[in-house]
Structures are given as structure tokens and as C-alpha cells.
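Subject: Structure handover

Hello,

Please find the structure below. My notes on it follow.

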Amino acid sequence: MPTMSSLSVQRPGMPPRQASSSSFAEAFDVARSKLDMLGFHEPGEEEEVLPPVLSSSSSVTDDTSPCSSAEAESPLSPATPITAPITPAAGQDVADNFAFAFDIDGVLVRGGQPIPEAIEAMKVLNGENEWGVRVPYIFLTNGGGKFETERCQDLSKQLEIDVSPGQFICGHTPMREFADHYGTVLVIGGEGEKCRDVAESYGFKDVITPGDILRANAHTAPFRKLTEIEHNNARDLLARGGTLSDIVVEAVFVFADSRDWASDLQIILDIAQSKGGRLETRSETFDEGPPIYFSHGDVLWSAAHEHARLGMGALRKIVETVFEDTSGGRKLTTHAFGKPQVSTFEFATRLLQQWRATQHGLVESEPPATVYFVGDTPESDIRGTNAMNETTENEWYSILVKTGVYQAGTVPKYTPRKLVDTVLDAVHHGIRREMAKLGSRKETGGRMLPLDDVALKALGEGRTPDFALRADPFLDV
Ligand SMILES: [Mg+2]
């Protein structure tokens, strides 16, 4: 894993730098005076130079997209003067100032297979870029149904990197904070007993599943027959002594997507319409049910099929609609974690701070000035990122990709700051935007920028460095 020293901006293949920041500053003064003599200027001094990519369409620019209007506000808008950077190299400043957060399905993975550009994008973040800079990143998915460690192992294989649980949040991760609040809970979704296991690992003390209820009373869902394996895995609720009506469910948690919507819908409704969560009872007022939590509210998600598939947000809507239809019009309010909830992004901020501190040696108390969030679903990824951006001092910058739920050519319900084709384009866009910031003396408050070793050496030898190739962060070389 990267260390603090490895964070220094370093071109691949170059020996580690030995110069201190102060010696860089001194070298900068010398080099700048030479540059002045050579006739180089920064914007704001005499002339403004626009990097080529900003004045024409490219892989990270989609002028025909419905998001073009957002471009007018982008710091990378052609209307915004950006310097032709001498070099963006700024030691640890570069990686310290920004980070990435990624949605997974439809961005990095689809149908269990990596999106090809995702592997390359991870390499770029891990230092294989023209600046040799490493950028911290985390993953924030609404998906779930497995232990975080298992999902990280899957992702590590898919993306050919080491993904740690310390940089990973899935839909049900925040539910662990409820473990001490409730006694008996009903957990829905996922394969086999997995979600029960996950809930118990979170500290929930008494976890029952729909399979337990069906085993105790097969009439609960007339068309659902447990397999022999399911029957054996289910816990015998009647072995506790007494009847089902002795059991009180204090909360319902939909951890992952239901594998049997019909019977799960029936059981959730039964509990929502019960007397205070007591099994096998029916409320007369339909306002006594326990709280119902979904790990997220996504109606659609990007799977292997060419069109987006229904997610647990659809089940949530069905639960609420059918409850109303069968309760004399009484409304049911359920709760959803995950994106686009701002609290989930706040959770992600805390994780990022910890991750940056433990893995990159950065100051934990300081969040990155900018977090680039890359997602494929406007209703959760973009909406949440934009909302987070409104509520925090640091910048949350939304980037929408075209490899998942969002369909190219349509108008997204929530407008991203940037629309790109793939996650690789998103990574390039964020890094180049940061380098452009560093290259602008205006944006850095007049702070001097160190010159690249190669440029310094060239100047020392009395010749003009090849700035067109060396110094232009927007040049794809
Ligand atoms: Mg997604």
C-alpha cells in the first residue's frame, strides 16, 4: 500500500525526490526568473492560455449531452481562464487535496464482470498517470447481501487491486449502528442465511428471517414452499416455547434484495399491520407497526441485462402502496439508508478521513477539499452528491457515467457537474481539474509552484524545456 513518502508527485521510473519544499521554492524562484526572461507568463499577468482540451470536445467532454448547461458552471468551462501550467507537481499537496468515491454497479462492475475501463482507472489512481500521483479513493455502493470483507475480496479480483473494508461502504453498513437499539428484528433479503449472519456480526441479538416464519407457519405465504435446505437452515421459532404470537418484532431491516418478493412482501405487510410487531396479530388502526428500514431506495440498478433491473426501491414502493390499499387508505412511512441520503455521504466522509490517515498518512481531521463522486444513477448517486455538496464546506463533485442506469441521450433527473462515457474518463477529468487548479496561481492564492525536476534540469542547462509536452496536463501523451 502507498506510504506517506510514496505520495510525493513522482513521474514513473524516476528516482525518489530528495529536495525539500523549501529547496523547491528556491529552485522555483531561480527557474521563474529564467522563464520570465524566456517570455513565459501566467494568466492574469499578461495573457491567458487555454489548455487544448478545454477548447474542444474530447473523451471527457460531451457537448451534445443534456448536461451541457452544467458546463457553464464548471471550473473547466472554456469561459474560465486556466493557466498553461509549468508543472502541477506540488509534492504531497496534490493527493492531499482531493479524493475519489465510486459507486460500484454500473460504474466499475456490471453483472459480476469488471467494466474494462475500471481496471485502467484504478491504475491511474494508484499512480500510473503522467504526474505519478496517487489519489485516495473509497467505494460507496447501495448493494449488499454479503459481509463487507467478502465484497471487498470480489472487488479486489474484479479490479485487480487490493480493496480493504476500510475503504468500503455497502447499503447495510450503516445499519450496524442500530444493533443496540432493538431486540428481535426481522431481516430480509440476500442469499440463504447470509444476511442473518451479517446482521449478527453487526451485533443484532435476535435475528429472525422470513424462512423462520414460513417454517413455523407454512400458511403464511400459500405459494411458497421452503426447500429442504431452507427448512433445515431456518430456525425453529416454536422451539422457544409458546406460539408465534409470543414473538414481537421490534424492527424490520431489508438488508439486501429480496429473492422472493411475493412471500417477503406478505411477511413485511403482516408485520407492518400487526399490533406492535407481534407476529400473527392484526392491528385495527394500522398504526402500530414497527419501523421498516431499507438499506437503500434505488428502484433500478445496473445488472448484466442490457436494461436496468428492479431493485429494492421497487419493493419498498410496493410495500407502501399495498399497505395503503389494504389499510383503508392509511399511509405507511418506511425509511431508506444509502445514497442519496446525506447521512450516508457524511458516513463516507468519515471513512475517507480515516482511510486517508491510515493508508496515506494524511491528517485525519482534515477532509479533502474536493471529493469526486462517480456514479451511474442520477436519482441516488448524483442527487446525493449534489445534496452533500450543498451542506458541506468541502466540495462534492458529481460525475455521471454512461455505463449503467443512466441512458445516454436522455435528460438525467438530477444534473451532474460532469457527464462522461466511462469511469476512466471520470478519473482523468477529476485529476486534470485538480492539476489545473494547482497550475493556477490565482486559485492557490499566489502560492508558488515547484517546477518539475526535468524542467529545472533543462533550465539549468540553459535550454528551454519542452513545455508543450512536459507541462501540459491536458495533453494525452
Ligand atoms: Mg450504480
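Please start at threonine 391, which is exposed, because 10 other C-beta atoms lie within 10 Å of its own and a residue counts as exposed at 12 or fewer. Threonine 391 lies in helix α12, residues 378-391. Its C-alpha atom is separated by 8.5 Å from that of valine 342, although the two are 49 residues apart along the chain. Please bear in mind that this is a predicted model.

Glycine 329 can be read in the same way. Is glycine 329 buried or exposed? It is exposed, with 8 other C-beta atoms within 10 Å. Glycine 329 sits in the loop between α10 and β12, where β12 covers 335-336. Phenylalanine 286 is 43 residues from glycine 329 in sequence, and the C-alpha atoms of the two are 9.9 Å apart in space.

Now for the protein as a whole. The protein has 477 residues, and 46% of them count as buried. It contains 15 helices and 15 strands. Among contacts with a separation of 6 or more, 72% are between residues 24 or more positions apart.

Next, helix α9. This helix has 12 residues and reaches 16 Å from its first C-alpha to its last, close to the 16 Å expected at 1.5 Å a residue. Which residues of α9 are buried? They are Ser263, Asp264, Gln266, Ile267, Ile268, Ile271 and Ala272. These buried residues pack against three strands, β6 (184-188), β8 (251-254) and β9 (292-294), and against helices α7 (210-216) and α10.

The pairing of α9 with α10 can be described further. Helix α9 spans residues 261-272 and helix α10 spans residues 312-325; they pack at an angle of about 50°, with their axes 10 Å apart. The two helices are therefore oblique to each other. Their crossing is right-handed. On the α9 side, the contact is made by Trp261, Leu265, Ile268, Leu269 and Ala272. On the α10 side, it is made by Leu315, Ile318, Val319, Val322 and Phe323. By class, this contact has 10 nonpolar residues, with no polar and no charged ones.

One general point may help when you look at the numbering of those contact residues. An α-helix has 3.6 residues a turn, so residues three or four places apart point the same way.

Regards

Technical notes
Residues are numbered from 1 along each chain as its sequence is written. This is a predicted model: local features need pLDDT of at least 70, side-chain atom pairs count only at pLDDT 80 or more; totals for chains, interfaces and linings use all residues. Axes are lines fitted to C-alpha atoms, for helices over the stretch in contact, and angles run from 0 to 180 degrees between N-to-C directions. Helices (H or I, at least four residues) and strands (E, at least two) are DSSP runs, numbered from the N terminus. Angles under 35 degrees count as roughly parallel, over 145 as roughly antiparallel, 65 to 115 as roughly perpendicular and the rest as oblique. A crossing is left-handed if the near helix is turned anticlockwise from the far one by less than a right angle, and right-handed if clockwise. Two residues are in contact if their C-beta atoms, placed from the backbone, lie within 7 Å. Ala, Val, Leu, Ile, Met, Phe, Trp, Tyr, Cys and Pro count as nonpolar, Asp, Glu, Lys and Arg as charged, and the others, Gly among them, as polar. A residue is buried if 20 or more other C-beta atoms lie within 10 Å of its own, exposed if 12 or fewer, and partly exposed in between; C-beta atoms are placed from the backbone. The expected span of a helix is 1.5 Å times one less than its number of residues.
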